[in-house]
Amino acid sequence: IYKREFRSYFTSMIGCAFIAFLIVIGGIYFMVYNLYNGYPFFAYSLSGVIFVMLIAVPVLSMKCFAEERKNKTDQLLLTSPVSLFEIVLGKYLAMITIFAIPCLIYCLFPLIIKLQGSAYLLVDYSSILAFFLLGCVFIAVGMFLSSLTESPVIAAISTCAVLFLLYMMDSLLNYVPTSAVSGVIILIIFLSLICALIYSITKNPIISGGLELIALIGCIVGYVVKSSFFENLIVDVLDRLVLTDVFYNFVQNYIFDISGLLYYLSLIVLFIFLTIQTFQKRRTWKNLKIYFERRIRKKVPTALP
């Protein structure tokens, strides 16, 4: 599966266009910031490439599963003896390999700075590592959204919108209300969305409804007992979930944020798990459908010529 997916990105030219686009944009920022203005940190150039990733990653991930469903070739995957973990991981590793190529080329840029004068290789290479893991998170998000639809265009647009929202979360936090009442309401809405996601994956109204009831009662009781707990709660929680803060700890604060890297890895595992669960549901229904079709076919007598 990995070889098939990796080869398909170059036969369709999406992989070549993705790699060339990131290298060209990174080279432009490198030329302006480092060569022309003389900044000794290549990490500054990576800060500009992050915004370009919001457009490049959806193009890379949109065909991952959506095109399979559109061409009806996903039925071969769902009925194959290969495990869903191997299917999802093979596709994900193929996209990561495509993304790793421009990141490896970026590793040459700090050496060019070193040839021209003073350079900070440890800061630059740790920033490239954080940039790579951030891109892996973006790809995992795009892969999950691609598994929810059969239209590559819808997958690309939804991925671009979600990534842009995650990118702008730090600025949007200034407009989030901080009162206790608004905190309870936003928390209930957020937990309801999680329960809706659980229902869409499991199709079990008892589990999702029970979790929704527990969350609702817990929020109301917590507000009655200690309302001050919900003041600035949403802002504080979302502030810790901002994806770009980890990257900027490497670039601007020169901190090797191990907890931030673990946060990136946790998000990657989470979205891979959600993608597997999405296809586990579809695979179960597909196998049941095939089973009952075979049973019905055996019961129908064959007409005599």
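## Buried and exposed

A residue counts as buried when its relative accessible area is under 20%, as exposed when that area is over 50%, and as partly exposed in between. By that cut-off Cys103 is buried, because its relative accessibility is 4%. We will come back to Cys103 below, after a look at the whole chain.

## The fold at a glance

Please keep in mind that this is a predicted model. The protein is built with 15 helices and 0 strands. Of its 305 residues, 42% are buried. The protein exposes about 16,700 Å², and carbon and sulfur atoms supply 71% of that area.

Contacts across the sequence are worth a look too. Among contacts with a separation of 6 or more, 79% join residues that are 24 or more positions apart.

## Cys103 and the packing of H6 on H8

Cys103 is found in helix H6, which covers residues 84–106. Leaving out residues up to four places away in sequence, Cys103 touches Ile128, Phe131 and Phe132. Those three residues belong to H8, and they take part in the contact between H6 and H8. Cys103 also has a distant partner in sequence: Ile19 is 84 residues away along the chain, yet the two C-alpha atoms are 9.3 Å apart in space.

Helix H8 spans residues 121–146, and its axis lies 10 Å from that of H6, at an angle of about 145°. The crossing of these two helices is right-handed. On the H6 side the contact is made by Val88, Tyr92, Met95, Ile96, Phe99, Ala100, Cys103 and Tyr106, while H8 brings Ile128, Phe131, Phe132, Gly135, Cys136, Val137, Ile139, Ala140 and Met143. Sorted by class, this contact of H6 with H8 holds 16 nonpolar residues, 1 polar residue and no charged ones.

## H6 also packs on H3

H6 has another partner in helix H3, residues 43–61; the axes of H3 and H6 come within 12 Å and cross at roughly 155°. An angle over 145 degrees counts as roughly antiparallel, so H3 and H6 are roughly antiparallel to each other. Their crossing is right-handed.

From H3, the residues Leu46, Val49, Met53, Leu60 and Ser61 meet Met95, Ile98, Phe99 and Tyr106 of H6. The contact of H3 with H6 divides into 8 nonpolar residues, 1 polar residue and no charged residues. Met95, Phe99 and Tyr106 of H6 appear in this contact, and Met95, Phe99 and Tyr106 also appear in the contact with H8.

## Ser47 and the covered helix H14

Ser47 lies in helix H3. Is Ser47 buried or exposed? Ser47 is buried, because its relative accessible area is 19% and the cut-off for buried is under 20%. Apart from its neighbours within four places in sequence, Ser47 is in contact with Phe247, Tyr248 and Val251.

Phe247, Tyr248 and Val251 are among the buried residues of H14, the helix that runs over residues 243–251. H14 is mostly covered, with 8 of its 9 residues buried. The buried set in H14 is Leu243, Thr244, Val246, Phe247, Tyr248, Asn249, Phe250 and Val251.

## H2 beside H7

How do H2 and helix H7 pack? Their axes are 12 Å apart, at an angle of about 25°, and H7 covers residues 108–116. Angles under 35 degrees count as roughly parallel, so H2 and H7 are roughly parallel to each other. The crossing of H2 and H7 is right-handed.

Gly26, Gly27, Phe30 and Asn34 of H2 make this contact with Phe109, Ile112 and Ile113 of H7. By class, the contact of H2 with H7 has 4 nonpolar residues, 3 polar residues and no charged residues.

## Two loop residues with positive phi

Most residues other than glycine have a negative phi. Which phi does Met13 have? Met13 has a positive phi of about 70°, although Met13 is not a glycine. Met13 is found in the loop between helix H1 (2–11) and helix H2 (14–36).

Tyr254 is also not a glycine, and its phi is positive at about 55°. Tyr254 sits in the loop between H14 and helix H15, which covers residues 258–299. Tyr254 counts as partly exposed, because its relative accessibility is 42%.

Note on methods:
Residues numbered from 1 in each chain as written. Predicted model: local features only at pLDDT ≥ 70, side-chain atom pairs only at ≥ 80, totals over all residues. Heavy atoms only, no water. Helix = DSSP H or I, 4+ residues; strand = E, 2+ residues; numbered from the N terminus. Buried < 20%, exposed > 50% of the residue type's maximum accessible area, 1.4 Å probe, protein only. Contact = heavy atoms within 4.5 Å. Areas by Shrake-Rupley, 256 points an atom, 1.4 Å probe, with all protein chains shown as cover. Axes fitted to C-alpha atoms, helices over the stretch in contact; angles between N-to-C directions. Parallel < 35°, antiparallel > 145°, perpendicular 65-115°, else oblique. Left-handed = near helix turned anticlockwise from the far one by under 90°. Nonpolar A, V, L, I, M, F, W, Y, C, P; charged D, E, K, R; others polar.
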